[in-house]
Amino acid sequence: MATHEAGLHGHEAAVADHEATVRDHEAAAVRGVAPARAARELELRRGEFDLAVQLGHIRTTRDADGGPPRVGQAEIDRLRGAKGFPDTLRARVRAVGTVEGAALVTISPARFTRLARTGHFTPVRFYLNRYRTVVWLYLADELREFARDHAELLTGRTPPAVLAALAAGEDRRARNWRGRRLGLLLRSTADPWERAAAIAAVLDPVTTAEVVPDPYERSHLRVLRPSLAPPLAQSPAAQEVVAGLLLAATIRTRFCGTG
């Protein structure tokens, strides 16, 4: 009898676990799951997941409680069911630095940096190394595409136009990264206030005040202001470097980095 009762309790527990799993799945289907859980289910590191969301490879939904965007279960199932998962998804968000990027397109790191500074490669993200130098990262897929379409820039002498731009101190990496990030933000919303807040995010306070003279409107834009880059818990000097990269009106050589 005791054995029979234990078996019944075990069956009831299994049924309860199954029902709880079903409820969780139904809730995820309706509300979506949090970013951390979605990243685990998609077998992505958190940085890869965030980049995939920014680039539009993972569709998100707004959280009704005002929290971070969530990912619907249907979207997770779609991605997990795609051919080549998870390698294909990871490859789409693979970001590389100067040395690895140069190896991908079979040129020297020095030539890679010259092309990047003159705007031929657009960074997708950045970080600061321990020396507070900006290290730019590029999508591997885009570099391969560039190599296929512009082989003439990868061999022989550096074109005169590139040399002239370098001689003039040209460095378009920060500007191109900002443009890319801003474009992604603008495409992610049709709300006019959110779009205005995204544009204001790359302007310094003085310029913002000139463009938006109403203090209440500026306050509303500050509330809606999106994050252009992940927050860095670093020294004030490092934060100053990052702040310089975020502002379109700030053009300082020391903010450009060498990565």
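**Exercise 1. Is Arg-132 buried, partly exposed or exposed?**

Solution. Start with the ground rules: this is a predicted model, in which local features need pLDDT of at least 70, side-chain atom pairs count only at pLDDT 80 or more, and totals for chains, interfaces and linings use all residues. Residues are numbered from 1 along each chain as its sequence is written, and side-chain values use heavy atoms, with hydrogens and water left out.

Step 1: recall that buried means under 20% relative accessible area, exposed over 50%, and partly exposed in between (1.4 Å probe, protein chains only). Step 2: Arg-132 has 41% relative accessibility, so Arg-132 counts as partly exposed. Step 3: find Arg-132 in the loop between S2 and S3; helices (H or I, at least four residues) and strands (E, at least two) are DSSP runs, numbered from the N terminus. Step 4: look at the backbone, where Arg-132 has a positive phi of about 60 degrees although it is not a glycine.

**Exercise 2. Describe Thr-106 and Pro-86 in their loops.**

Solution. Step 1: Thr-106 sits in the loop between helix H6 (98-104) and H7. Its phi is positive, about 60 degrees, although Thr-106 is not a glycine. Step 2: with 67% relative accessibility, Thr-106 counts as exposed. Step 3: turn to the loop between helix H4 (73-80) and helix H5 (87-92), which holds Pro-86. Phe-85 and Pro-86 are joined by a cis peptide bond, with omega about 0 degrees.

**Exercise 3. Work out how H11 is packed against H10 and H13.**

Solution. Step 1: take H11 (residues 192-200) and H13 (residues 215-224), whose axes come within 8 Å and cross at roughly 85 degrees. Axes are lines fitted to C-alpha atoms, for helices over the stretch in contact, and angles run from 0 to 180 degrees between N-to-C directions.

Step 2: classify the angle. Under 35 degrees counts as roughly parallel, over 145 as roughly antiparallel, 65 to 115 as roughly perpendicular and the rest as oblique. H11 and H13 are therefore roughly perpendicular to each other. Among the residues making this contact (heavy atoms within 4.5 Å) are Trp-193 and Ala-197 of H11 and His-220 and Leu-224 of H13.

Step 3: do likewise for H10 and H11, which pack at an angle of about 170 degrees with their axes 9 Å apart. That makes H10 roughly antiparallel to H11. Here Leu-182, Leu-185 and Leu-186 in H10 meet Arg-195, Ala-198 and Ile-199 in H11.

Step 4: check which side of H11 faces inward. Ala-197, Ala-198 and Ala-200 are buried in H11. They cover an arc of only 165 degrees around the axis (taken from the directions from the helix axis to the C-beta atoms), which puts them on the same side of H11. The cover over the buried residues of H11 includes H10, helix H12 (205-211) and H13.

**Exercise 4. Which residues have the most contacts inside the largest nonpolar core?**

Solution. Step 1: a nonpolar core is a set of buried Ala, Val, Leu, Ile, Met, Phe, Trp, Tyr and Cys residues joined through side-chain atoms within 4.5 Å. Step 2: the largest one has 34 residues, and Phe-112, Phe-121, Phe-126 and Trp-136 have the most contacts inside it. Step 3: the elements that each supply at least two residues of this core include helix H7 (109-117), strand S2 (125-128) and strand S3 (134-139). Step 4: among the residues that Phe-121 touches, not counting those up to four places away in sequence, are Phe-112, Tyr-138 and Phe-146.
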